[in-house]
Amino acid sequence: MAASRLRGLAVSLLDYKTEKYIIADNKKIGLLYRLIQLSIFGYIIGWVFLTKKGYQETDDAIQSSVVTKLKGVTVTNTPESGQLVWGPEDYTIPPQGGVIIFIITNFLETPNQKLGYCAESVKVLDGHCGGDQDCREGQKVVSGHGLMSGRCLRNGENSTGTCEIYGWCPTEKPFKPQKALLSDAENFTFYIKNFIQFPKFLFSKANVLDTTNSSYLKKCRYDKELQPYCPIFRLGDIINQTGYNFQDMALLGGSVGIMIQWNCDLDKGYSNCHPKYHFTRLDVTISNKSIASGLNFRHTRYFKDAAGGISRTLFKVYGVRFSVMVYGKAGQFSIVPTIINIGSGLALMGAGAFFCDIVLLHLMKKSTFYRQRKFETSRAEKDLHEDISEENQKDTLEQKKLKRPTPEL
């Protein structure tokens with residue numbers, strides 16, 4: 001029994017199955033098939049070719065160079081340093097512009113610091129002390145400003161004091177700024193010069209208008225609709241595009257991303273490849289209540305008097321850090337992706353027919369009837385003749401039996 005089953009299985013493996021087409025007079029299946037065809041056709045034409053441009057070869061390995069420059073002058077007047085005039089060389093760090101640039105909008109100043117002995121800042125927790133034993137001579141204050149001298153400076157025996165240190169004295173002032181000192185920075189101009197190229201297509205372009213007019217960059221200001229090729233922005237306008245107010249950000253600083261997007265359809269020509277600018281604030285969270293928001297750091301300016309003594313002025317500066325990010329892709333017609341996407345569409349058409357066959361042969365009420373019409377076994381001509389001969393012999397025997405005379409009783 002098992003041997004015959006195995007033999008039957010082996011023989012069935014040598015069978016060849018070919019398609020048989022039948023016309024099913026079923027309006028529901030016909031309607032379903034046409035809807036599937038229309039959906040696939042709409043997807044291929046509307047989404048693959050028109051929206052995603054599936055007929056194009058793309059290059060997203062954009063190569064970019066960015067140069068930035070700021071212009072504008074403002075004046076500050078503080079009790080520590082008096083009246084100061086600030087130019088781009090003073091408020092821009094680093095002075096040579098690149099993809100990242102920091103602009104000072106506020107500062108705290110501690111002038112005339114000299115090396116000597118003074119009390120550690122009360123803001124430094126490791127510098128607090130209750131007696132001299134808490135201040136080990138020669139030991140560094142963690143997150144502090146110098147070396148401990150071994151003395152604890154207190155106002156009274158029951159009070160908590162701070163260790164005396166040797167360092168740059170006096171230490172930094174322990175208060176926060178109340179207003180932005182460089183508030184006029186809102187009207188500074190930010191020049192962003194960007195060159196890009198797509199090496200696969202040997203295509204290159206800049207975000208500056210191709211013109212010989214030397215006064216163009218002196219007069220123009222960026223406008224998304226009117227002047228998309230003017231690369232000069234007002235700082236206040238950039239911050240407003242992020243949804244925040246410049247004066248609020250100028251107080252404690254912040255970080256802003258400037259995205260330049262190049263999506264170029266090279267089939268439409270050189271003049272239709274335009275830069276698009278997007279601005280976002282990067283130093284805030286969803287809740288907008290993070291203590292990490294804002295941006296500041298410290299730097300110093302050193303001086304030497306006539307006697308050779310060295311002093312310095314410590315600045316804790318707040319400002320806006322701009323990060324310029326360039327991305328994009330270019331596309332151009334190519335026969336290879338066109339053929340691939342057309343082939344994918346034809347395969348989807350076949351999948352639609354397969355789905356309709358499943359419904360017709362297994363889910364309909366008359367599925368058994370349709371299966372009998374769709375599937376049949378066709379045997380070789382020799383086997384067919386043998387079957388016909390056997391049938392004829394059977395018919396002959398039957399006829400002889402009918403002709404045989406009935407015996408008389």
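Biologist: I am new to this model, so let me begin with charges: how many salt bridges does the count come to?

Modeller: The count comes to seven salt bridges, where a salt bridge is a side-chain nitrogen of Lys or Arg within 4 Å of a carboxyl oxygen of Asp or Glu. Please keep in mind that this is a predicted model, in which local features need pLDDT of at least 70 and side-chain atom pairs count only at pLDDT 80 or more, while totals for chains, interfaces and linings use all residues. Residues are numbered from 1 along each chain as its sequence is written, and side-chain values use heavy atoms, with hydrogens and water left out.

Biologist: Which residue does the side chain of Lys200 meet in a salt bridge?

Modeller: Lys200 meets Glu57, at 3.7 Å from N to O. This pair links distant parts of the chain, 143 residues apart: Lys200 sits in the loop between β10 (189–198) and β11 (203–206), and Glu57 in strand β1 (residues 56–59). Helices (H or I, at least four residues) and strands (E, at least two) are DSSP runs, numbered from the N terminus.

Biologist: Are Lys200 and Glu57 buried or exposed?

Modeller: Neither word fits, since there is a middle class: buried means under 20% relative accessible area, exposed over 50%, and partly exposed in between (1.4 Å probe, protein chains only). Lys200 is partly exposed at 46%, and Glu57 is partly exposed at 33%.

Biologist: Which residue forms a salt bridge with Glu164?

Modeller: That is Arg151, with the closest N and O atoms 3.3 Å apart. Here Glu164 in strand β9 (residues 161–169) is linked to Arg151 in strand β8, 13 residues away. Glu164 is buried, with a relative accessible area of 11%, whereas Arg151 counts as partly exposed at 46%.

Biologist: And where do Asp283 and Arg281 stand, buried or exposed?

Modeller: Asp283 and Arg281 are both buried, and they form a salt bridge with their closest N and O atoms 2.7 Å apart. In addition, Glu186, Arg234 and Asp237 are joined into one network by salt bridges that share partners.

Biologist: Which side chains of strand β14 point to the face with Arg281?

Modeller: Pro275, Tyr277 and Phe279 share that face with Arg281, and these residues are buried. Side chains alternate along strand β14 (residues 275–281), and Lys276, His278 and Thr280 point to the other face and are not buried. The strand has a neighbour too: two strands pair if DSSP finds at least two bridges between them, and strand β13 (residues 254–265) pairs with β14 in the antiparallel sense over seven bridges. In that pairing, Val256 stands opposite Arg281.

Biologist: Now for the cysteines: how many disulfides does the structure hold?

Modeller: There are five disulfides, each a pair of cysteine sulfur atoms within 2.5 Å. Counting bonded cysteines along the chain, the pattern reads 1-6, 2-4, 3-5, 7-8, 9-10. One of them joins Cys129 and Cys152, with sulfur atoms 1.9 Å apart. Cys129 lies in strand β7 (residues 128–129) and Cys152 in strand β8 (residues 146–153), so this bond ties together parts that are 23 residues apart in sequence.

Biologist: Why is the disulfide of Cys129 and Cys152 right-handed?

Modeller: Because the torsion about its S-S bond is about 90°. Cys129 is buried at 3% relative accessibility, and Cys152 is buried at 12%.

Biologist: What is the torsion about the S-S bond of Cys220 and Cys230?

Modeller: That torsion is about 80°, so the Cys220–Cys230 disulfide is right-handed. Both cysteines lie in the loop between α4 (216–219) and β12 (232–234), ten residues apart. Their sulfur atoms are 2.1 Å apart, and both Cys220 and Cys230 are buried. Another disulfide joins Cys264 to Cys273, with 1.8 Å from S to S.

Biologist: Let me finish with nonpolar side chains: which residues does Phe49 touch?

Modeller: Contact means heavy atoms within 4.5 Å. Leaving out residues up to four places away in sequence, Phe49 touches Ile44, Gly54, Tyr55, Thr338, Asn341 and Ile342. Phe49 is in helix α2 (residues 27–51) and is buried, at 12% relative accessibility. Although Phe49 and Ile342 are 293 residues apart along the chain, their C-alpha atoms are separated by 9.6 Å.
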